[in-house]
Amino acid sequence: MKDISKKVLAVIDDHEKNGDVYHDRTDIIARVQGSYPEITEDEINMTLIHLSQDGYLIRIDDDYCVTETHYAEDQAARQIAEIIRHNEPPTVLDAASALAAVEAELGFRLSSGQHEAIRGALGHRMSIITGGPGTGKTTVLKVLCDAFVASGDTGGICLMAPTGKAARRLSEQTRRPAATVHSILQRLDREDSYLASSLVVVDEASMLSITLLYDLLKVISSGARLVLVGDPDQLPAVGPGRVLADLMASGLPTYRLQSNFRQSCHSLICEDLKLIKERTPALRFNSDEILLLETMSSQDTEYLALSIYLALRAEHGNQVQMLTPVGPAGGVCSARQFNCLAQDHINPHAPDKLEVVIDGTTYRLGDRVIQLQNNSFARNGDIGTIVGIVGDSSITIQIRFDFMEDGVICYPLRELEGGLIQLAYALTIHKAQGSEYDYVVIPLANEHVFSWSNNMIYTAISRAKKRVVLVGSRWLLEHAIQTSLPPCRSEFAEKIRRYLAEPAA
């Protein structure tokens, strides 16, 4: 029975990654038997009863949820409702004077929308700054930090993001230290302390799960200003809840940046992203910015997408990226398949070329790779190049990551086993979130119909700064634009409204 309990919990935990907090009993049975057909329905029902009695799960009518997730959702909703009721910071800052001083030092003036966002962030305990790609969020974050310092507040600034790659970009953009939310929470837990900073900024907040938000709210002092920055139209967190969208609907002050600073105001990428957000499938195309090449089959899609990627890469190097919704599962037009094909063309086997096999994948000197886990050397999502394979009985892989000006990171072979790196000629769209490339190639294979949604195609196209090439099915593109993400079975937004309706304590 213990073995079955582990399997049932693992299936529920895996499904939480799709955003659901609550899981219908019938769905749990179907998913468990889909993975473990030897387990009977009666055994699953009995296991659910025992897991509820032992406190691992909570049963609500015919739904079950992980106890810790249910508690996090409830407590986070209570805290957000309390913040909305009392959203004035304990200290008042002269935001106008601080902004004027920063603008004078920078030598340019912000847009009215950027002004409003910064003043709002400095004027509330908690607020949200949102906007699509190229709307100036980077500038706002830097000026927000500079203005906070210029205001005379000496409480300190803490910058964080859900992933290591996003934290690194945040640090580069603001020229201030930044770390992952997890690493900061782990440090505070070890020290048994609270976050002392007076200004806390979380970038890429669309990637926050409900449990991560609750853990963050627990360690922030009531005197701090918390600013969440993100784009709700991008892919949500791989975890329970749709946090950013629910918070934006809750009544928290939300400042939307709309002016486009990345592309020309009349660029097709910019215009088509607006159409995608509006669920309008009638996109416009040209050969310079956004191009659609239709094919007759998924095999044709794969061949043509690969050919275009190779041609662009020969001219523009690592600023060209293949993006697809499907990764290690493999199959036609998956990241796994494209990585094998691209490696064969870009970095093929040669008798005099060093190579090593890790977890069934061959890696060669010169291969592009992505790190998949945080460690003390690099972060989840960092991309680099294998520049050395050294040793005989004890092999070491030397990787120079793109964020490094010189030097290498040396990984013993045993440390790379178990999924620390993958080839990076092609990436899943989830892995590319938070990154930008000059050129993006996106295959549209009908086999991936259930992987595409409006958020997925929006995120994929918005990674490109100069040009997007879509290859494959026009029908699938239009289907993706008009397909919403499956509803998230969470009560976070409803609970915030419910607690707001209660008399204030």
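I began at G317, the residue that follows helix α13 and has a positive phi, near 65 degrees. I took helices (H or I, at least four residues) and strands (E, at least two) as DSSP runs, numbered from the N terminus.

I note that this is a predicted model, in which local features need pLDDT of at least 70 and side-chain atom pairs pLDDT 80 or more, while totals for chains, interfaces and linings use all residues. Residues are numbered from 1 along each chain as its sequence is written, and side-chain values use heavy atoms, without hydrogens or water.

I then checked the length of α13 (residues 298–316): its 19 residues, at 1.5 Å a residue, should span 27 Å (1.5 Å times one less than the number of residues), and this agrees with the 26 Å between its end C-alpha atoms. Among its buried residues (under 20% relative accessible area, 1.4 Å probe, protein chains only) I found L306, Y309, L310 and R313. Their cover, counted as contact (heavy atoms within 4.5 Å), includes β10 (290–294), α14 (335–346) and β20 (437–444).

Next I looked up α5 (residues 95–106) and α7 (residues 137–150), whose axes (lines fitted to C-alpha atoms over the stretch in contact, with angles from 0 to 180 degrees between N-to-C directions) come within 8 Å and cross at roughly 120 degrees. That makes α5 oblique to α7, oblique being whatever is left after under 35 degrees (roughly parallel), over 145 (roughly antiparallel) and 65 to 115 (roughly perpendicular). The contact is made by A98, L99, V102 and L106 of α5 with K142, V143, D146, A147 and A150 of α7.

Terms used:
Buried means under 20% relative accessible area, exposed over 50%, partly exposed in between (1.4 Å probe, protein chains only).
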